[in-house]
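Trainee: I have a model open and want a close look at one part of it. Please start from the place where two elements meet, then work outwards.

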Amino acid sequence: MHQEVKKKIIHEYKTSSNDTGSPVVQIAILTQRIKDLSAHLKLHPKDNDSKRGLIKMVADRRRLLKYLRDNKQEVYENISGKLSLA
């Protein structure tokens, strides 16, 4: 992912001026990385190392979404609606 794209995502989803690591920002960044890697795997289906990375990213995003669902229901609904998840 290019640095400009990452900065744009952080700027769009941040909750405060210094926010770069909140669950919402992490979920948004992981979602973009998952989309990029999925496109790569459509062109290179035998790239098993990338498949493993994709599975790990999906699991990380699922874990963060579960945390938000359990602790901050409104934020969970907002982010899942914005990113078209669930």
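Trainee: Which orientation do H3 and H4 have to each other?

Mentor: They are oblique to each other. Bear in mind that this is a predicted model. Start with the geometry. The axes of H3 and H4 come within 6 Å. They cross at roughly 135°. An angle must be over 145 degrees to count as roughly antiparallel, and 65 to 115 counts as roughly perpendicular. The H3 and H4 angle of roughly 135° fits neither range, so the pair is called oblique.

Now the residues. H4 covers residues 73-82. From H4, the contact takes Gln73, Val75, Tyr76 and Ile79. Facing them from H3 are Leu65, Leu68, Arg69 and Asn71. Sort these residues by class and you get 5 nonpolar, 2 polar and 1 charged.

Next, follow H3 to its other partner. H3 spans residues 48-71, and H2 spans residues 23-43. H2 and H3 pack at about 155°, with axes 9 Å apart. That angle makes H2 roughly antiparallel to H3. Their crossing is left-handed. The list of contact residues is long. On the H2 side it includes Pro23, Val24, Ile27, Leu30, Thr31, Ile34, Leu37 and Leu41. On the H3 side it includes Leu54, Met57, Val58, Arg61, Leu64, Leu65 and Leu68. By class, this contact holds 14 nonpolar, 6 polar and 4 charged residues. Look at Leu65 and Leu68. Both appear in the contact of H3 with H2, and both also meet H4.

Pause at Thr31, which sits in H2. Its relative accessible area is 4%. The limit for buried is under 20%, so Thr31 is buried. Leave aside neighbours within four places in sequence, and Thr31 is in contact with Arg61, Leu83 and Leu85. Arg61 is among the H3 residues that make the contact with H2.

Not every residue of H3 is covered in this way. Ile55 is found in H3. Its relative accessible area is 61%, and Ile55 is exposed. From the C-alpha of Ile55 to that of Leu30 is 11 Å, with the two positions 25 residues apart along the chain. Asp49 also lies in H3. At 67% relative accessibility, Asp49 counts as exposed. The C-alpha atoms of Asp49 and Leu83 are 26 Å apart, and the two residues are 34 apart along the chain.

Go back to H2 for its other contact. H1 covers residues 3-13 and packs with H2 at about 140°, with axes 9 Å apart. This crossing is right-handed, whereas that of H2 and H3 is left-handed. H1 brings Val5, Lys6, Ile9, Ile10 and Tyr13. H2 brings Val24, Val25, Ala28, Ile29 and Gln32. The classes here are 8 nonpolar, 1 polar and 1 charged. Val24 turns up again: it is listed in the contact with H1 and in the contact with H3.

Now the parts outside the helices. His2 is in the segment before H1. At 58% relative accessibility, His2 counts as exposed. Its C-alpha lies 31 Å from that of Gln73, and the pair is 71 residues apart along the chain. Gln73 is one of the H4 residues that meet H3. Past H4, look at Ser84, which lies in the segment after that helix. Ser84 is exposed, with a relative accessible area of 65%. Most residues other than glycine have a negative phi. Phi of Ser84 is near 55°, a positive value.

Last, set this in the whole chain. The chain has 4 helices and 0 strands, and along the sequence the pattern is α-α-α-α. The C-alpha trace spans about 40 × 30 × 20 Å along its principal axes. Of the 86 residues, 33% are buried. The accessible surface comes to about 6,200 Å², and carbon and sulfur atoms own 50% of that. Take contacts between residues at least 6 apart in sequence: 49% of them join residues at least 24 apart.

Technical notes. Residues numbered from 1 in each chain as written. Predicted model: local features only at pLDDT ≥ 70, side-chain atom pairs only at ≥ 80, totals over all residues. Heavy atoms only, no water. Axes fitted to C-alpha atoms, helices over the stretch in contact; angles between N-to-C directions. Helix = DSSP H or I, 4+ residues; strand = E, 2+ residues; numbered from the N terminus. Parallel < 35°, antiparallel > 145°, perpendicular 65-115°, else oblique. Left-handed = near helix turned anticlockwise from the far one by under 90°. Contact = heavy atoms within 4.5 Å. Nonpolar A, V, L, I, M, F, W, Y, C, P; charged D, E, K, R; others polar. Buried < 20%, exposed > 50% of the residue type's maximum accessible area, 1.4 Å probe, protein only. Areas by Shrake-Rupley, 256 points an atom, 1.4 Å probe, with all protein chains shown as cover.
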